Amino acid sequence: MRTAYRTADRAMLRDVAAIGAAMVAVGASFGAVAVAAGLPVWATLAMSVFLYAGGAQFMAVGLVAAGSPVAAVLAGLLLNARHLPFGLALGGALGRRRWQRLLGSHLMTDEATAFALARPAGPGRRRAFWLAGALLFLAWNAGTLLGVLAGGAVGDPAALGLDAAFPAGLAALLLPSLRDRDTRRVALAGAGLAVLATPVLPAGVPVLLALAALIVPALRGRGASSADQVPDGTAVAGPEQHGPPGPDGAAPDPAHHAGPVVRAGEASC
Amino acid sequence: MLIAVILALAVGTYGFRVAGVLLRDRLQLPEWARHLLPVAAAALLAALAATAALTEAGRFAGYARPAGVLVGLLLAWRRAPFVLVVVAAASTTALLRLLGVA
């Protein structure tokens with residue numbers, strides 16, 4: 001048992017490291033951009049530690065620099081509202097004890113969520129969540145520090161194609177769960193809705209709109225229950241998955257309206 | 001003022017994060033609702049991936065990024081290792097940009 005865990009952990013460590021490396025680079029870009037926009041060093045570092053949400057951080061820097069602090073708060077919170085349904089889906093995956101749930105909640109990102117839900121419920125999912133959550137938190141904050149120190153010497157993450165790395169990683173994590181027919185229909189309809197709504201709605205809302213796609217199976221199946229397909233509410237993804245990691249937010253939610261500063265890949269973390 | 005912005009964002013974001021986790025304990029959800037939770041998370045993640053792949057600041061992100069994501073997606077579909085998926089997606093996009101494709 002223990003050996004099986006170790007092997008799985010090592011494979012997952014490698015996967016998380018791939019996303020973690022991208023997060024270091026995007027975090028560095030955040031640190032450099034924030035300092036260049038006139039944010040004090042303490043505020044830049046505090047954002048990465050206490051807010052820990054890449055899309056909202058980039059957006060806040062842009063809006064604060066533009067002189068709209070209230071908009072920064074509202075837009076950031078709208079962007080992060082998706083964490084509530086993530087928390088509902090993760091539930092006990094954070095651990096049984098109270099402190100595990102309170103601390104683990106802070107480590108919740110898109111990528112950590114995708115990583116955890118790609119495994120069946122149980123100890124494996126819990127380990128996946130904590131491994132991805134802790135490593136990606138460290139990666140994002142190490143990157144921010146690096147960016148603050150290196151300033152303009154930090155390259156543009158877009159030149160490295162990192163803005164493609166996060167959505168590709170999320171999609172790869174998600175793919176096994178799409179073998180279930182109802183999940184596939186809902187996910188594809190939701191993704192389509194979100195993309196169509198993106199030009200006309202404020203950042204964060206299109207993604208939430210994807211939840212409306214939950215009615216799709218009800219429309220079609222009328223009780224042709226998906227129960228036989230969803231293995232008792234456990235894994236979003238199949239168990240055999242070699243779980244890819246994803247740092248939360250790494251899929252940068254395009255910080256629209258985020259203002260001038262932000263570029264691709266911001267969503268990470 | 002800056003500290004108030006950071007505080008409000010940090011507290012509000014943590015509130016969203018912890019609310020779902022704690023609510024899950026308290027709510028006695030019927031079976032069908034518990035089935036829906038992972039499906040809802042999948043829909044959100046798919047929407048995140050799709051909007052991040054295709055859009056930037058509310059507009060089309062250009063061709064280089066979705067092309068990279070597509071390469072990654074094809075590799076993932078062929079069950080390539082996760083690291084390869086991520087690296088291939090980024091390299092494809094970086095290469096296209098190097099060649100002048102937006």
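**Entry 1: chain B**

I began with the surface of chain B, which exposes about 4900 Å², with carbon and sulfur atoms supplying 73% of that area. Before going on I noted that I am working from a predicted model, so every value in these entries is computed from predicted coordinates. Going through the secondary structure of chain B, I found four helices and two strands, and reading from the N terminus I wrote their order down as α-α-β-β-α-α. Chain B has 102 residues, and buried residues make up 52% of them. I then looked up the contacts within chain B between residues at least 6 apart in sequence, and found that 38% of these join residues at least 24 apart.

**Entry 2: chain A**

I put the same queries to chain A, whose secondary structure comes to twelve helices and zero strands, so that the run of elements from the N terminus is written with α throughout. Of the 269 residues in chain A, 59% are buried. Among the contacts in chain A with a separation of 6 or more, residues 24 or more positions apart account for 78%. For the surface I noted about 10000 Å² exposed by chain A, of which carbon and sulfur atoms supply 67%.

**Entry 3: where the chains meet**

Next I turned to the contact between the chains, which takes 94 residues from chain A and 66 residues from chain B. The area buried between chain A and chain B is about 6500 Å², and carbon and sulfur atoms give 77% of this. I looked for charged pairs and recorded three salt bridges between chain A and chain B; one I wrote down in detail joins the side chains of A:Asp163 and B:Arg65, at 2.7 Å from N to O. Polar contacts across the interface come to ten residue pairs, counted where both residues have pLDDT 80 or more. I then asked which element of chain A gives the most to the side that touches chain B, and found helix α9 (residues 162-174), with twelve residues. Sorting the residues on that side of chain A by type, I obtained 63 nonpolar, 18 polar and 13 charged.

**Entry 4: helix α5 of chain A**

I picked out helix α5 (residues 83-90) of chain A, where seven of the eight residues are buried, and I therefore noted this helix as largely enclosed by the rest of the structure. The buried residues in α5(A) are A:His83, A:Pro85, A:Phe86, A:Gly87, A:Leu88, A:Ala89 and A:Leu90. I wanted to know what these buried residues pack against, and the search returned elements of both chains: α4 (69-80), α7 (110-117) and α8 (123-150) of chain A, together with α1 (2-26) and α2 (31-54) of chain B. Just after α5(A), I noted that A:Gly91 takes a positive phi of about 45°.

**Entry 5: A:His106**

Last, I looked up A:His106, which lies in helix α6 (residues 98-106) of chain A. Is A:His106 buried or exposed? I recorded A:His106 as buried, because its relative accessibility is 15% and the cut-off for burial is under 20%. Leaving out residues up to four places away in sequence, I listed what A:His106 touches: within chain A these are A:Val49, A:Phe50, A:Leu51, A:Tyr52 and A:Phe137, and from chain B they are B:Tyr14 and B:Arg17.

Conventions:
Residues are numbered from 1 along each chain as its sequence is written. Chains are lettered from A and ligands numbered from 1 in the order in which they are written. This is a predicted model: local features need pLDDT of at least 70, side-chain atom pairs count only at pLDDT 80 or more; totals for chains, interfaces and linings use all residues. Side-chain values use heavy atoms; hydrogens and water are left out. Contact means heavy atoms within 4.5 Å. Buried area is the accessible area (1.4 Å probe) that two parts lose on being put together, summed over both. A salt bridge is a side-chain nitrogen of Lys or Arg within 4 Å of a carboxyl oxygen of Asp or Glu. A polar contact is a pair of N or O atoms within 3.5 Å; within protein, one must be able to donate a hydrogen and the other to accept it, and residues adjacent in sequence count only if both atoms are side-chain atoms. Ala, Val, Leu, Ile, Met, Phe, Trp, Tyr, Cys and Pro count as nonpolar, Asp, Glu, Lys and Arg as charged, and the others, Gly among them, as polar. Buried means under 20% relative accessible area, exposed over 50%, partly exposed in between (1.4 Å probe, protein chains only). Accessible areas come from the Shrake-Rupley method with a 1.4 Å probe; for residues, only the protein chains shown count as cover.
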